[in-house]
Amino acid sequence: MPSLAALLAATTLAAGGFASAIPTRIGTTANTGNASLTQVRNPHYVRHGPIALAKVYRKYGVPLSDDLQAAVNRIVQKRSTGSATTTPEDYDVEYLTPVSIGTPAQVLNLDFDTGSSDLWVFSSETPSSEVSGQAIYTPSKSTTAKKLSSATWEISYGDGSSSSGDVYLDKVTVGGLSVSSQAVEAAQKVSSEFTSDSANDGLLGLAFSSINTVSPTQQKTFFDNAKSSLTSPVFTADLKAGKPGKYNFGYIDTAAYTGAITYTTVDSSQGFWTFTSTGYGVGTAAFKSTSISGIADTGTTLLLLPSTVVTAYYKAVSGAKYDSSQGGYVFSCSATLPNFVIGIGSARITVPGSYINYAPVDSTGSSCFGGIQSDSGIGFAIYGDVALKAAFVVFDGGNTRLGWAAKTL
């Protein structure tokens, strides 16, 4: 059973290559010697003017100018994508994704966190007393590892956990998408919260690089380093309740969501994916229009909202109460919880009530902790995994915006 600290944590929480398969050719023939062929559109084809022009020149044996060849090279280099499965731990407290580091590859399971910007890992430099079953990164075993001279890092998270160490540049691959010289922060010290989580080998931050903690020179996130090579400068989170989901880089999988994607502007000035929700709804009650500033954070387990919103929600839950011994709202585990509705522009994202019945707080399983809690003292709402797994979410780094869409749950 997770501790309260784990439940409330801003636990700072990839990618097999996406191959655009050309559709099967379809045609019919008859005995007359005639043939009728149906053209089939490749839905993943992206049109590029320079490539089309180069194709014509090559067809007729015309040498490409230096300018045109350079333009083609830039486009070809930008056509990269990646897709990786992410698997939740118990109670969906965090989602872990395999990441390959170094040459030959050392595979570690990392927590992808849109609420921080450091890629750090348990390492051969982490004291053995602070390692408890985690896989470690050993720079000396990688032919592509290079120590970043004098660089150090130190980070702490909302649950009080922390880690620190030195820095290497090395090849990092997330599901087929590679960055050849990524800052990999090797832990020389980790707090007990990380030591006790034997399945989690470190974090991969996906917030903005402006809050990376490496000193004296900040380092770019994996996404920022990969962005220029991607077909489209985006990544998407498709987290699932109690089962594996996906992180995709460089493209939007149209089969992963229903209806339309609604985009909302992001304020990146504080380094987070900060947006403004247009309101909320509880169960079948009328939607309440109000501006709620918050961040989309895959590294936080729960949905943290203004106290007024939290109070309004639990008024609709029979027997729900604030329990000072737990530091949050609890209710009978057998309670039927209402859905919670998030406003994104004029669109509505529905979080099923079952997602908000988070986890038991006692050994009898009679009292449960709520997946919606107060953001008091934080200064902004945190749309963590309880909310994110109810939607398909686009993190658009090219246009600095977030896209939200409904999906089959």
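This passage walks through a predicted model, from its overall make-up to a few residues worth finding in the structure above.

The protein has 409 residues, and buried residues account for 50% of them. Its secondary structure consists of 26 strands and 8 helices. The accessible surface amounts to about 18,400 Å², and carbon and sulfur atoms contribute 50% of that area.

A good place to begin a closer look is the pair of residues that UniProt lists under "active site", namely Asp113 and Asp297; the entry is unreviewed. The two residues span 185 residues in sequence, yet their C-alpha atoms are no more than 6.6 Å apart, so they gather at one spot. Their settings can be described one at a time. Asp113 belongs to strand β5, which covers residues 106-113. Asp297, in turn, sits in the loop that runs between β15 (288-296) and β16 (303-305).

Both aspartates can be placed on the scale of burial, where a residue counts as buried when its relative accessible area is under 20%. Asp113 has a relative accessible area of 0% and is therefore buried. Asp297 reaches 4% relative accessibility, so this residue counts as buried too.

The surroundings of the pair can be followed through their contacts. The side chain of Asp113 is joined to that of Ser116 by a polar contact of 2.6 Å. Leaving aside residues up to four places away in sequence, Asp297 touches Asp113, Thr114 and Gly115, and also Ile382, Tyr383, Gly384, Asp385 and Leu388. With Gly115 there is a further detail: its backbone nitrogen lies 3.2 Å from a polar atom of the Asp297 side chain.

Some points of backbone geometry also deserve a visit. The peptide bond leading from Thr103 to Pro104 is cis, with omega near -5°. Pro104 is part of the loop between β4 (95-101) and β5, and β5 is the strand that holds Asp113. Another cis peptide bond links Ser215 and Pro216, where omega is about 5°. Here the proline lies in the loop between β10 (202-205) and α5 (222-226).

Positive phi values in residues other than glycine appear at Tyr91, where phi is near 65°, and at Asp92, where phi is near 55°. Tyr91 is located in the loop between β3 (82-88) and β4, and Asp92 is found in the loop between β3 and β4 as well. Their accessibility can be read against the cut-offs of under 20% for buried and over 50% for exposed. Tyr91 has a relative accessible area of 34% and is therefore partly exposed. Asp92, at 8%, is buried.

The tour ends on the surface. Leu53, Val56, Tyr57, Tyr60 and Val62 form a nonpolar patch there, and together they offer about 450 Å² of accessible area. One of these residues, Tyr60, lies in the loop between α2 (49-59) and α3 (66-77). Its relative accessibility is 60%, so Tyr60 counts as exposed.

Definitions and conventions. Residues numbered from 1 in each chain as written. Predicted model: local features only at pLDDT ≥ 70, side-chain atom pairs only at ≥ 80, totals over all residues. Heavy atoms only, no water. Patch = residues over 30% accessible without salt bridge, like charges linked within 9 Å, V, L, I, M, F, W, Y side chains within 5 Å. Areas by Shrake-Rupley, 256 points an atom, 1.4 Å probe, with all protein chains shown as cover. Salt bridge = Lys/Arg side-chain N within 4 Å of Asp/Glu carboxyl O. Helix = DSSP H or I, 4+ residues; strand = E, 2+ residues; numbered from the N terminus. Buried < 20%, exposed > 50% of the residue type's maximum accessible area, 1.4 Å probe, protein only. UniProt positions renumbered as here; feature names shortened; annotations may be inferred. Polar contact = N/O pair within 3.5 Å; in protein donor to acceptor, adjacent residues only side chain to side chain. Contact = heavy atoms within 4.5 Å.
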